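Colleague: Before I use this model for anything, I would like one part of it examined closely. Please keep the answer in one piece and start from the overall picture.

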Amino acid sequence: LINDSGDNNIITSDGSGVITSSKFKIGQVLSTNKLDTFSTTSTSFTDITNLSVNITPSSTSSKIYVIAFVSAGTGNTSADNKLRVVRDSTNVPPSAATVLTRITSSDLNVTNTMSFLDSPSSTSQITYKVQAKAETGTFYVNRNGAGNNEGYSTITVMEVLP
C-alpha cells in the first residue's frame, strides 16, 4: 500500500500479486526471452520455438498489451520475410496480419518490433506466440545469414485491468 500526502491510495495489492493504482492498472507482467537460435525455410507461418508466453487474465474485461522484439537475419537479401503474433491460433490483431522484415545484407540482424492491445474476453489461459515465414531461402532468429549468433528476442504481455 502506497499513499500520497493526502493519505489517498496510490498503489494497492489484493494479496495475490495483483497491483492496482489510481494512476495505472497493470495486473500481471509476464515475459519470455529467447536466447537460442531458430531458422525456417517454410513459406507458411511456423512457431518460433521458445518465443511464447502464457497468461491467464483475471477478468473477461481485461485487455492484454503485447510487445515482441525479434532479432532476425536472412541468407537471401532479396527476401521479404514475415513475422506475426498469434493468440493461441488466432492472428492478432486481426486487421494487421504481419510485419515485413527486409534485410539488405546477410551480415546484418534487424530487430523487429510488434506491439498491440488485445481484447481476448477470457479468463482461461492464453498463449501468445511469435511466428515466422520465409519468402525464399532461410529466415533466421537471433543470428544473421553469415552464421553469427547475434541479439536476442523477447515477448512480453501485460494484463491491463478494467
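How much area does the protein chain expose, and what share of it do carbon and sulfur atoms supply? After that, please take a close look at strand 12 (126-133), including the loop before it and the core to which it contributes.

Modeller: This is a predicted model, and what follows is computed from its atoms. The exposed area of the protein chain is about 8,100 Å², and carbon and sulfur atoms supply 47% of it. The chain has 162 residues, 38% of which count as buried. It contains 14 strands and zero helices, so the pattern along the sequence is β-β-β-β-β-β-β-β-β-β-β-β-β-β. Among contacts with a separation of 6 or more, 76% are between residues 24 or more positions apart.

I approach strand 12 from the loop. Thr 123 is located in the loop between strand 11 and strand 12. Its relative accessibility is 44%, and because that value falls between the 20% and 50% limits, Thr 123 is classed as partly exposed. Leaving aside residues up to four places away in sequence, Thr 123 touches Thr 56, Pro 57, Ser 58, Ser 59 and Thr 60. A related distance is that to Ser 61: the C-alpha atoms of Thr 123 and Ser 61 are 9.1 Å apart, with their positions 62 residues apart along the chain.

Within strand 12, two residues are worth taking in turn. Thr 127 belongs to strand 12. Its relative accessible area is 19%, and because the limit for buried is under 20%, Thr 127 is classed as buried. The side chain of Thr 127 makes a polar contact of 2.5 Å with the side chain of Asn 54. Asn 54 is also among the residues that Thr 127 touches when those up to four places away in sequence are not counted; the others are Ser 52, Val 53, Val 86, Arg 87 and Asp 88.

Tyr 128 is likewise part of strand 12. With a relative accessibility of 0%, Tyr 128 is buried. Its side chain has a polar contact of its own, 2.6 Å to the side chain of Asp 118. Tyr 128 and Ile 55 are 73 residues apart along the chain, while their C-alpha atoms are separated by 8.1 Å. As background, side chains in a regular strand alternate between the two faces of the sheet.

Tyr 128 leads on to the core. The largest nonpolar core has 24 residues, and those touching the most other members are Ile 48, Val 66, Leu 83, Val 85, Tyr 128, Val 130 and Ile 155. At least two core residues come from each of strand 6 (46-55), strand 7 (63-74), strand 8 (80-87), strand 11 (110-118), strand 12 (126-133), strand 13 (139-141) and strand 14 (153-160). Strand 7 gives the largest share, with five residues.

Strand 7 therefore deserves a short detour, as nine of its twelve residues are buried and it is largely enclosed by the rest of the structure. Its pairing is with strands that also supply the core. Strand 7 runs antiparallel to strand 11, with nine bridges joining the two; Phe 69 is opposite Thr 113 there. Strand 7 is also antiparallel to strand 14, through seven bridges, and Phe 69 has Thr 154 as its bridge partner in strand 14. A further antiparallel pairing, of three bridges, is made between strand 7 and strand 13. In that pairing Thr 74 is partnered by Phe 139 of strand 13.

Two backbone details in other core-supplying parts of the chain, or next to them, should be checked on the display. Asn 50, in strand 6, has a positive phi of about 60° although it is not a glycine. Asn 142 sits in the loop between strand 13 and strand 14. Asn 142 is not a glycine either, and its phi is positive at about 65°. At 1% relative accessibility, Asn 142 is buried.

To return to the part you asked about: strand 12 holds Thr 127 and Tyr 128. Thr 127 has its side-chain polar contact with Asn 54, whereas the one listed here for Tyr 128 is with Asp 118. Tyr 128 is also one of the core residues that touch the most other members.

Definitions and conventions. Residues numbered from 1 in each chain as written. Predicted model: local features only at pLDDT ≥ 70, side-chain atom pairs only at ≥ 80, totals over all residues. Heavy atoms only, no water. Core = buried A, V, L, I, M, F, W, Y, C linked by side-chain atoms within 4.5 Å. Buried < 20%, exposed > 50% of the residue type's maximum accessible area, 1.4 Å probe, protein only. Helix = DSSP H or I, 4+ residues; strand = E, 2+ residues; numbered from the N terminus. Polar contact = N/O pair within 3.5 Å; in protein donor to acceptor, adjacent residues only side chain to side chain. Contact = heavy atoms within 4.5 Å. Pairing = 2+ DSSP bridges. Areas by Shrake-Rupley, 256 points an atom, 1.4 Å probe, with all protein chains shown as cover.
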